[in-house]
Each structure stands twice: as C-alpha cells, then as structure tokens.
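Please look through the structure shown below before reading on. The briefing that follows moves from the whole chain to single residues, and it is meant to be read with the structure in view.

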Amino acid sequence: MTLTEPTLTPPMTPSSVDMAQIFAAHAERAARIDALRPGNKDRLFDGLMAAGITHVTVTFDGAGDSGQIESIGAWSGETAVDFPATEIEYAALTWDDPEVEMRQLSLDDVVEQLAYDFLSDTHGGWENNDGAWGEFCFDAAARCIHLEFNERYTSSELFTHDF
C-alpha cells in the first residue's frame, strides 16, 4: 500500500466582501439620482415651453439584449417642429465622482436621457429576450410624461387529447 498526499485544496477563506454595504451604497446612489429628476424635468419643460414646443414624442424598441430610441419628435400643437439649438442644465452623477455634475445638454439630449432613465426605472431589462416597444409623450403644457409600454413574450400552451 502506497501512502499518497491529499489532492484536495484546503477550503477557501470566507469572503471579506460586505454585500450589505454594497447594496446600501447602491440604494443611496439610486436615491440621489431620483432626487435629481424633478429639477431636470422642470428645466426641460421650461426649455420646451420657451422654444414653443408643446409636446415631444419618443419611440423605442428593443429585443435580443439590445434596445434603442427609434425617434424623437418635437411638436408645436399639431405641427412637427425642429428642436432649437438651445442647451439647458442637466444634473447627473457619474460613477467615479460622488458630486453632482451640471452638464449643458441640448433639449433633445435631455429628452433621450430621461426616456432611458424612466425605462430603466420602470421596466428594467426592456431590451432583453423578446423585448419591448413603446412611446413616451413629454407634455410640456401639462408638465407630465406619459409612457405606453408594450412587452413582448413567448408563450406556449400544452394541449393533450385522449382519443
């Protein structure tokens, strides 16, 4: 009989990662971002009204793990109009800096950013698997944003018959 050394490695030391701390930091960051949204919306609606834009429509579509804004249209009543070259302040947090950064963005860039933010907040993963499509309406006069969201899914049904 031959004596051999064990081949199994010793157990790993317990992880020193504090998941509770990571989740708490994420929740704090999300709350800070949420707190910036009302000011960003107010500046956007003020900018749209000053430009004579009554509402903006944003269409989006996604599936198979990718999604995008398809179109952004500006309207003055029933007439399509171009976005002016106007820029407004947009408050944002970056991943590498805890301080709020004020950016100068065009009106249509702010619309696009808010649309992506609201999609992520309300329907995270909208672009995955079968995906989703829909439309936002940014109503400047009413100072509200309406979302129509259509989710795609695959369905199967089992039918059994005995004859």
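What pattern does the protein follow when it is read along the sequence? The model shown here is a predicted one, and its elements follow one another in the order α-β-β-β-β-β-α-β-β. With a radius of gyration of 24 Å, well over the 15 Å that the globule rule gives for 163 residues, the protein is more spread out than a compact globule.

**Overall build**

- The protein contains two helices and seven strands, which can be traced one by one along the pattern given above.
- Taken along the principal axes, the box that the C-alpha atoms fill is roughly 90 × 65 × 20 Å.
- Of the 163 residues of the protein, 25% count as buried, while the area that the protein exposes comes to about 11,400 Å², with carbon and sulfur atoms supplying 53% of it.
- Among the contacts in the protein with a separation of 6 or more, 56% are made by residues that are 24 or more positions apart.

**Aromatic residues**

- A search of the whole structure finds four aromatic pairs, and one of them is made by Phe60 and Phe136, whose ring centres are 5.8 Å apart and whose planes meet at 50°, so the pair is tilted.
- This pair links distant parts of the chain, because Phe60 belongs to strand β1 (residues 55-63) and Phe136 to strand β6 (residues 132-139), and the two are 76 residues apart.
- Phe60 has a relative accessibility of 2% and therefore counts as buried, given that the cut-off for buried is under 20%.
- Phe136 also counts as buried, at a relative accessibility of 2%, and this residue forms a tilted aromatic pair with Phe138, with 6.0 Å from centre to centre and 45° between the planes.
- Both Phe136 and Phe138 are buried, and these two residues belong to one aromatic cluster that is formed by Phe60, Trp126, Phe136, Phe138 and Phe149.

**Leu48 in helix α1**

- Is Leu48 in helix α1 buried or exposed? Leu48 counts as buried, because its relative accessibility is 0% and the cut-off for buried is under 20%.
- If residues up to four places away in sequence are not counted, Leu48 touches Ile53, Val56, Phe83, Leu107 and Ala140.
- Leu48 and Asp162 are 114 residues apart in sequence, and the distance between them in space is 64 Å, C-alpha to C-alpha.

**Thr94 in strand β4**

- Thr94 is found in strand β4, which covers residues 87-94, and this residue is buried, with a relative accessible area of 17%.
- Which residues does Thr94 touch, not counting residues up to four places away in sequence? The residues that Thr94 touches are Arg29, Glu101 and Arg103.

**A nonpolar patch on the surface**

- Val17, Met19, Ile22 and Phe23 make a nonpolar surface patch of about 400 Å².
- Within this patch, Val17 lies in the segment before α1, the helix that spans residues 19-50.

Technical notes. Residues numbered from 1 in each chain as written. Predicted model: local features only at pLDDT ≥ 70, side-chain atom pairs only at ≥ 80, totals over all residues. Heavy atoms only, no water. Patch = residues over 30% accessible without salt bridge, like charges linked within 9 Å, V, L, I, M, F, W, Y side chains within 5 Å. Areas by Shrake-Rupley, 256 points an atom, 1.4 Å probe, with all protein chains shown as cover. Salt bridge = Lys/Arg side-chain N within 4 Å of Asp/Glu carboxyl O. Helix = DSSP H or I, 4+ residues; strand = E, 2+ residues; numbered from the N terminus. Rg over C-alpha atoms; globule rule 2.2 N^0.38 Å. Buried < 20%, exposed > 50% of the residue type's maximum accessible area, 1.4 Å probe, protein only. Contact = heavy atoms within 4.5 Å. Phe/Tyr/Trp six-rings, centres within 6.5 Å; stacked < 30°, edge-to-face > 60°.
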